[in-house]
Amino acid sequence: AFRDEHGVQPLRRCQGEVDFSSNGLGNLAVWTILETLAQCEVQAASLKLYKNRISEGGALALCEFIRANRRAGAVHEMHLSHNDIDDDAALELVRTLKEQAPRYPPRRLVEATPEADRGCSVPVPVWLRLNQNRIQDPAGALKLLEAEGIS
């Protein structure tokens with residue numbers, strides 16, 4: 001296998017896009033995919049899981065993936081629209097990102113400028129798309145997150 005032949009470093013640095021959108025995946029399938037990616041220490045910079053059947057169990061699998069895949073780079077994008085994620089699952093996902101500091105928010109190297117030295121890094125937001133889910137009170141969820149110091 002690739003990992004046996006080349007080691008884990010290329011997998012950790014690849015910043016790959018994982019796209020299982022529009023596949024009708026349920027929570028167990030998402031859990032299996034994410035567990036495999038974590039075991040192989042793949043950096044899934046972009047996770048596209050929109051238009052599936054992901055609910056709380058799948059969202060919790062994403063939380064576990066973020067926690068478990070520490071040696072690979074951070075996830076920069078999660079496209080989870082058109083699923084069955086509810087308010088509580090969405091809140092848990094955002095809280096998990098917050099709890100994983102300093103890995104989150106991820107950082108990006110910037111070129112040297114008169115104001116910044118070469119190799120300086122800046123935080124970048126995680127793009128999280130959750131539209132067309134079962135979130136009943138998005139304004140209330142945002143208010144709750146802001147009260148917890150999450151923006």
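## Chain and fold

Helices here are DSSP runs of H or I with at least four residues, strands are DSSP runs of E with at least two, and both are numbered from the N terminus. In those terms Gln-132, to which this report returns at its end, lies in the loop that runs between strand 6 (127-129) and helix 6 (138-147). The model described here is predicted.

The protein chain contains 6 helices and 6 strands, and the order in which they occur along the sequence is α-α-β-α-β-α-β-α-β-β-β-α. Among the contacts of the protein chain that link residues at least 6 apart in sequence, 82% are between residues at least 24 apart. The protein chain has 151 residues, of which 38% count as buried, and its accessible surface amounts to about 8900 Å², with 51% of that area belonging to carbon and sulfur atoms.

## Nonpolar cores

In soluble globular proteins, nonpolar side chains tend to be buried together. In this model the largest nonpolar core has 29 residues, and the members that touch the most other members are Leu-34, Leu-47, Leu-62, Phe-65, Met-78 and Leu-80. Two or more residues of this core are given by each of helix 3, strand 2, helix 4 (56-68) and helix 5 (87-99), and the largest share, 6 residues, comes from helix 4.

Which residues does Phe-65 contact, once its neighbours within four places in sequence are left aside? The contacts of Phe-65 are then Leu-34, Leu-37, Ala-38, Val-42, Ala-44, Leu-47 and Val-75; of these partners, Leu-34 and Leu-47 are themselves listed among the core residues that touch the most other members. A second, separate core of 5 residues is also present, and Leu-91, Val-94, Leu-145 and Ile-150 are among its members.

## A buried serine in strand 2

Ser-46 is found in strand 2, which spans residues 44-48, and strand 2 is also one of the elements that give two or more residues to the largest core. With a relative accessible area of 8%, Ser-46 is classed as buried, because that value is under 20%. When residues up to four places away in sequence are not counted, Ser-46 touches Gly-16, Glu-17, Val-18 and Glu-77.

## The start of helix 3 and a surface patch

Helix 3 covers residues 27-39 and includes Leu-28, while Asn-27 also has its place in helix 3. Asn-27 has 23% relative accessibility and Leu-28 has 67%, so Asn-27 counts as partly exposed, whereas Leu-28 counts as exposed. Leu-28 joins Trp-31 and Leu-60 in a nonpolar patch on the surface, and together these residues have about 310 Å² of accessible area.

Leaving aside its neighbours within four places in sequence, Asn-27 is in contact with Arg-53, Ile-54, Ser-55, Gly-57 and Gly-58. The C-alpha atoms of Asn-27 and Ala-59 are 8.0 Å apart in space, although the two residues are 32 residues apart in sequence.

## Cysteines

A disulfide is a covalent bond between the sulfur atoms of two cysteines. How many disulfides does a search of the whole structure find? The search finds 0. As to their surroundings, Cys-63 has a relative accessible area of 0% and is therefore buried, whereas Cys-40, at 27% relative accessibility, counts as partly exposed.

## Backbone features in the loops

Two cis peptide bonds deserve mention. One joins Ala-101 and Pro-102, with omega at about 10 degrees, and another joins Tyr-104 and Pro-105, with omega at about 0 degrees. Pro-102 is found in the loop between helix 5 and strand 4 (107-109), and the place of Pro-105 is likewise in the loop between helix 5 and strand 4.

Positive phi values occur at Lys-51 and at Gln-132, neither of which is a glycine. For Lys-51, phi is near 55 degrees; Lys-51 is found in the loop between strand 2 and helix 4, and at 45% relative accessibility Lys-51 counts as partly exposed. For Gln-132, phi is about 60 degrees, and Gln-132 is exposed because its relative accessible area of 54% is over 50%.

Key:
Residues are numbered from 1 along each chain as its sequence is written. This is a predicted model: local features need pLDDT of at least 70, side-chain atom pairs count only at pLDDT 80 or more; totals for chains, interfaces and linings use all residues. Side-chain values use heavy atoms; hydrogens and water are left out. Buried means under 20% relative accessible area, exposed over 50%, partly exposed in between (1.4 Å probe, protein chains only). Contact means heavy atoms within 4.5 Å. Patches are made of residues with over 30% relative accessible area and no salt bridge: like charges are joined within 9 Å, nonpolar side chains (Val, Leu, Ile, Met, Phe, Trp, Tyr) within 5 Å. Accessible areas come from the Shrake-Rupley method with a 1.4 Å probe; for residues, only the protein chains shown count as cover. A salt bridge is a side-chain nitrogen of Lys or Arg within 4 Å of a carboxyl oxygen of Asp or Glu. A nonpolar core is a set of buried Ala, Val, Leu, Ile, Met, Phe, Trp, Tyr and Cys residues joined through side-chain atoms within 4.5 Å. A disulfide is a pair of cysteine sulfur atoms within 2.5 Å.
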